[in-house]
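User: Could you walk me through how to read a few features of a structure model? I work at the bench and would like to learn by example.

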Amino acid sequence: MIKSKGYAAQNETSGLSPWNFERREVGPHDVQFDILYCGVCHSDLHQVRGEWGNSIYPMVPGHELVGKVTKVGNHVKKYIEGDLVGVGCLVDSCRTCDSCKEGLEQFCPNGSMTYNGFEQDKKTPTYGGYSNNIVVHEDFVLRVSEKLNLPAVAPLLCAGITTYSPLRYWKVGKGHKLGVVGLGGLGHMGVKFGVAFGAEVTVLSTSASKRDDALKLGAHKFVVTKDEKQMQEVAGYFDFILDTVSAEHNYNQYLTLLRPNGVHICVGAPATPSQIFSFSLIMGRKSLAGSLIGGLPETQEMLDFCAEHNIVSEIELIDIKDINTAYDRMLKSDVRYRFVIDIATLK
Ligand code: NAP
Ligand code: ZN
Ligand code: ZN
């Protein structure tokens, strides 16, 4: 077994603290790499604190990993020692269901999540990227460009693909008006992709202080959602809304901002259910939809698109010992716009 060290939560209220554990030996199709940076996703916080009700402890979170290959199995074809690689939310899947065959591994009913899940043997727990190394089947390892700033690439592995995928699926682009609700880790990537795809992008935020940043990110408009007048000005305005909000909020309020046939795409995953009035959908034949990360082929496509168009995340690099404070700040929407752990600080 390979010795690993990381930060783990021991239960819903423990917070994160140092923890030693083991990973499997490198098999014939496996890639081992040293994790250099790991992004901090709000999903980590939801799961560490047991908010989604499916938490397995001890939990080593982290599903935005980038690093350098240190060892490959003797059948590995895609990677060699020294390659820059990444891993997102998935480390394996069944390979046989319709979703797997279509490259939509995120919808595999038996997929192995990077943490808070199990390997395909259904009994070995998976541990994520708040740690110094990992062993992953080569099919679930992604190639990362040498051209981009590596710590700022890490968030692409979840925040990036989660916003890229729905915008591609609904073919959001030139001539469309896109509203991005919530300017956090996902939201700021949604703005960058929306702009790159040619849409007119409006940020809808609870934080008036994020206006300048939103415009710098390329957004064309900024709406403070607590300001009724500003909200009225964009009633019936958007073709698409990308909703990245992590906490309970009123979907009906945002549905009024859509044009007829508009689509409200949920990617934010609040822990509590919401009430939807059917009138919010009926009036204007509107759709309320959802999207989950992205499959392996599309994740590689997104990374290559980012390398070509020089797109990375806006980050604040943190020492791993400050992770609990970072969670508290994330809850206050005080992150500009993604915390990334410098794994070199894990001693
Ligand atoms: P984040 O960085 O904390 O950003 C969330 C943003 O939502 C905040 O910055 C804030 O933006 C806004 N917000 C927070 N509380 C709000 C409230 N009560 N009402 C309205 N707006 C509020 O989080 P993230 O990492 O981007 O993740 C966002 C959500 O997506 C989380 O629930 C996460 O679990 C989920 N997620 C889903 C997927 C998927 O595949 N579907 C993948 C990754 C994450 P403003 O300050 O601009 O208002
Ligand atoms: Zn995530
Ligand atoms: Zn499958």
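User: Are Cys 41 and His 63 buried or exposed?

Analyst: Both Cys 41 and His 63 are buried in this predicted model. Together with Cys 158, they are the protein donors of the zinc ion (ligand 2). The donor atoms are SG of Cys 41, NE2 of His 63 and SG of Cys 158, and they lie 2.0 to 2.3 Å from the ion.

User: What spacing do the donors of the zinc ion (ligand 2) follow along the chain?

Analyst: The spacing is C-x21-H-x94-C. Cys 41 sits in the loop between β3 (30-39) and α1, while His 63 sits in the loop between α1 and β4 (65-72), so this pair ties together parts that are 22 residues apart in sequence.

User: Now to helices. Which residues of helix α11 are buried?

Analyst: In α11, which spans residues 323-331, they are Ile 323, Ala 326, Tyr 327 and Met 330. Looking down the axis of α11, you find these buried residues within an arc of 105 degrees, so they line one face of the helix. Their cover includes β1 (2-9), β2 (16-23), α1 (42-48), β16 (315-319) and β17 (338-342).

User: How many residues of helix α4 are buried?

Analyst: Nine of the 11 residues in α4 (residues 159-169) are buried, which makes this helix mostly covered. Among them are Ile 161, Tyr 164 and Leu 167. The elements covering the buried residues of α4 include β10 (177-181), α5 (185-196), β13 (238-243), β14 (258-266), α10 (296-309) and β17.

User: And the other case: why does Phe 279 count as exposed?

Analyst: The cut-off for exposed is over 50% relative accessible area. Phe 279 has 59% relative accessibility, so this residue counts as exposed. Phe 279 is found in helix α9 (residues 279-282).

User: How does one look for empty space inside, and how many cavities of 30 Å³ or more are there?

Analyst: The idea is to roll a probe the size of a water molecule over the atoms, which shows where empty space is left. Here the count is two cavities of 30 Å³ or more. The largest cavity has a volume of about 90 Å³, and its lining includes Phe 140, Leu 142, Ile 161 and Ile 293. By class, that lining has eight nonpolar, four polar and no charged residues. The second largest cavity holds about 40 Å³ of space. Its lining has six nonpolar, three polar and no charged residues, including Ile 56, Pro 58 and Tyr 127.

User: Last topic, the backbone. Which residues have a positive phi, and where are the cis peptide bonds?

Analyst: Most residues other than glycine have a negative phi, and most peptide bonds are trans, so the exceptions are worth a look. Ser 333, just after α11, has a positive phi of about 55 degrees. Lys 171, which follows α4, also has a positive phi, near 55 degrees. Asn 261 has a positive phi of about 70 degrees; Asn 261 lies in strand β14 and is partly exposed, at 44% relative accessible area. For Asn 310, phi is positive and near 55 degrees. Asn 310 is in the loop between α10 and β16 and is exposed, at 60%.

As for cis bonds, one joins Tyr 57 and Pro 58, with omega about -5 degrees. Pro 58 is in the loop between α1 and β4. Another joins Arg 336 and Tyr 337, with omega about -10 degrees; Tyr 337 lies in the loop between α11 and β17.

Terms used
Residues are numbered from 1 along each chain as its sequence is written. Chains are lettered from A and ligands numbered from 1 in the order in which they are written. This is a predicted model: local features need pLDDT of at least 70, side-chain atom pairs count only at pLDDT 80 or more; totals for chains, interfaces and linings use all residues. Side-chain values use heavy atoms; hydrogens and water are left out. Buried means under 20% relative accessible area, exposed over 50%, partly exposed in between (1.4 Å probe, protein chains only). Helices (H or I, at least four residues) and strands (E, at least two) are DSSP runs, numbered from the N terminus. The arc is that of the directions from the helix axis to the C-beta atoms. Contact means heavy atoms within 4.5 Å. On a 1 Å grid over the protein atoms alone, a cavity is a set of points where a 1.4 Å probe fits but cannot get out, and a pocket is an open set with protein on both sides within 12 Å along at least five of seven lines; lining residues have an atom within 4 Å of a point. Grid points are joined across faces, edges and corners, and a volume is the space filled by probe spheres set on the points. Ala, Val, Leu, Ile, Met, Phe, Trp, Tyr, Cys and Pro count as nonpolar, Asp, Glu, Lys and Arg as charged, and the others, Gly among them, as polar. Donors are N, O and S atoms within 2.8 Å of the metal (3.2 Å for Na, K and Ca); water is not among the atoms, so sites may look incomplete.
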